[in-house]
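These are my notebook entries on a structure that is new to me. I set out to look up its sheets, the helices that pack on them, and the empty spaces inside.

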Amino acid sequence: MKNYLFTSESVTEGHPDKVCDQISDTILDEILKKDPGGHCCCEVFTTTGLVVVGGEITTDIYVDIPKIVRQTLKEIGYTNPDYGIDYESCAVVTAIDEQSLDIAQGEENAHLQYKEMGAGDQGMMFGYACNETPEFMPLPITLAHKLTQKLAEVRKNKTLEYLRPDGKSQITIEYVDDKPKSVNTVVIAAQHDEDVSLEKLKEDIKNYVIKPVLGDYYNDNIKILVNETGRFVKGGPAADTGLTGRKIIVDTYGGTGRHGGGCFSGKGPNKQDRSGAYMARYAVKNIVAAGLTDKAEIEVSYAIGYPEPVSIMINCFGTNKIPEEQILEIIKKHFDFKPSGIIKNLDLLKPIYAQTAKYGHFGRLDLDLPWEKLDKVEELKQYLNNK
């Protein structure tokens with residue numbers, strides 16, 4: 001279908017699921033700062049006045065998990081007991097075990113069956129890129145993230161000081177001939193203090209959030225829906241339990257590209273759910289930026305303990321400038337999808353993950369992420385000249 005409406009959503013850093021993602025990744029970063037060889041796969045659960053951290057962590061260093069939890073909540077803005085969870089008074093429960101030795105023997109040098117680092121788990125991961133935006137991302141998820149970032153910005157700089165940390169955005173884009181044409185609908189849910197009127201909130205959100213973000217995309221014909229229940233005072237973990245890894249579409253491509261099902265946050269780069277998806281994005285972004293295709297999706301799959309990907313597939317949706325079979329061979333030649341190659345080439349043993357746990361892992365022009373670099377573009381352009 002060439003003409004259609006497509007919708008993506010984002011959530012603020014104060015959304016309970018995103019609170020959990022940020023705590024999980026901050027724990028991972030703290031481990032990698034002092035022990036790059038440490039293994040982390042931790043999950044977080046939160047509800048009214050409570051944060052629970054559980055999972056498997058293997059490291060020789062001490063990580064002060066309660067301190068990380070409280071500091072993360074403070075930075076997000078959960079600083080008032082009226083919000084249902086407060087960084088100073090909430091309970092923090094930890095339940096941490098070491099990684100299973102049955103898994104570790106497929107990854108660690110002393111036990112390797114294939115004499116090379118194997119995948120940390122089985123599964124399939126997807127990478128996607130398109131030339132709709134400067135970020136090489138679909139327009140709907142790009143604008144959705146910018147809306148939630150703006151919600152946090154006007155809250156924290158006190159432009160709209162009555163806002164609270166929780167919130168969501170949703171944006172619907174009209175596509176004509178498979179190209180984004182205009183914004184059809186914007187949906188905002190913004191948590192707020194008790195004493196602000198719905199009329200004031202709607203007007204402020206339109207003027208201080210929606211209009212600045214949409215820029216030239218804004219017009220008076222856009223349907224704008226703000227806090228349509230009429231009230232959003234109770235929010236965050238007090239209104240909805242939060243859990244690591246429940247916003248995987250928000251984290252990736254907003255539903256435009258497919259998803260293998262595994263989340264990113266709290267997992268070290270030895271887990272292919274994370275590193276395989278990052279490598280897939282890196283490869284496909286460079287392919288699109290080089291002009292070999294207007295958009296593309298890559299699937300890569302792994303078997304636990306095995307050092308090579310089981311399969312790699314590409315779909316260019318009919319926008320490729322050279323045959324897809326050739327693009328696939330180019331990818332295999334220029335990008336190393338082995339677990340050890342991914343970690344080395346993307347330098348993934350650094351504490352860079354907490355910053356990705358809000359507003360998406362891809363297309364982040366505000367962050368210096370190794371899987372977003374375009375260092376292969378000039379090298380790949382040669383294939384256009386040889387077609």
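Entry 1: the four-stranded sheet. I looked up the strand order in this predicted model and found an open sheet of four strands, S4-S3-S2-S9, with mixed pairing. Strand S4 (91-97) and strand S9 (242-243) stand at the edges; each has a single partner strand, so one side of each is left without a neighbour in the sheet.

I then turned to the contact between S2 and S9. Strand S2, which covers residues 39-47, runs antiparallel to S9, and two bridges join them. Within this pair, I noted that Thr46 stands opposite Gly242 in S9.

Next I asked which strands helix H1 lies across. Helix H1 (residues 16-34) lies across S2, strand S3 (50-58) and S9, and it runs at about 150° to S2. Helix H2 (residues 65-76) also packs on the sheet, where it touches S3 and S4. I recorded the direction of H2 as making about 130° with that of S4.

Entry 2: the largest pocket. I looked up its volume, which is about 350 Å³. Its lining consists of 18 residues, and I wrote down those nearest the centre: Thr26, Ile68, Gln71, Thr72 and Glu75. H1 and H2 are the elements that give two or more residues to this lining. H2 provides the largest share, with six residues. Both helices were already in my first entry, H1 lying across S2, S3 and S9 and H2 touching S3 and S4.

I also asked how the lining of the largest pocket divides by class. I found nine charged, five nonpolar and four polar residues there.

Entry 3: S7, H5 and S8. I looked up how S7 is paired with strand S8 (residues 223-226) and found the parallel sense, over four bridges. One bridge places Ile188 opposite its partner Val226 in S8. With helix H5 (residues 198-214), S7 and S8 make a β-α-β unit, which I recorded as right-handed.

Entry 4: the three-stranded sheet. I found a further open sheet, formed by three strands in the order S5-S10-S11, with antiparallel pairing. S5 and strand S11 (311-315) stand at its edges, and each has a single partner strand, so one side of each is left without a neighbour in the sheet. From one strand to the next, the twist averages 15°.

Strand S10 (residues 295-302) pairs with S11 in the antiparallel sense, and I noted five bridges between them. Among these, Val300 has Ile312 in S11 as its bridge partner.

Which strands does H7 touch as it packs on this sheet? I found that H7 touches S5 and S10, and that its direction makes about 30° with that of S5. Helix H8 (residues 324-334) packs on the sheet as well, touching S10 and S11. The direction of H8 makes about 135° with that of S11.

Entry 5: the cavities. Rolling a probe the size of a water molecule over the atoms shows where empty space is left. I looked for cavities of 30 Å³ or more, and the structure holds two of them.

The largest cavity contains about 80 Å³ of space. Of the 13 residues that line it, I listed the closest to its centre as Met125, Phe126, His259, Gly260 and Ala277. Strand S5 (123-130) and helix H7 (272-289) are the elements that give two or more residues to this lining. S5 gives the most, with three residues. By class, I recorded six nonpolar, five polar and two charged residues around the largest cavity.

The second largest cavity has a volume of about 50 Å³. I noted its lining residues, among them Thr12, Leu151, Arg155, Asp166 and Gln191. Helix H4 (139-156), strand S6 (163-176) and strand S7 (179-192) each supply at least two residues of that lining. S6 contributes the largest share, five residues. The lining of the second largest cavity divides into five nonpolar, three polar and three charged residues. S7 thus appears twice in my notes: it supplies part of this lining, and it belongs to the β-α-β unit with H5 and S8.

Methods
Residues numbered from 1 in each chain as written. Predicted model: local features only at pLDDT ≥ 70, side-chain atom pairs only at ≥ 80, totals over all residues. Heavy atoms only, no water. Pairing = 2+ DSSP bridges. Contact = heavy atoms within 4.5 Å. Axes fitted to C-alpha atoms, helices over the stretch in contact; angles between N-to-C directions. 1 Å grid on protein atoms, 1.4 Å probe; cavity = no way out; pocket = protein on both sides within 12 Å on 5 of 7 lines; lining within 4 Å. Points joined across faces, edges and corners; volume = space filled by probe spheres on them. Nonpolar A, V, L, I, M, F, W, Y, C, P; charged D, E, K, R; others polar. Right-handed = clockwise from strand over helix to strand, strands pointing away.
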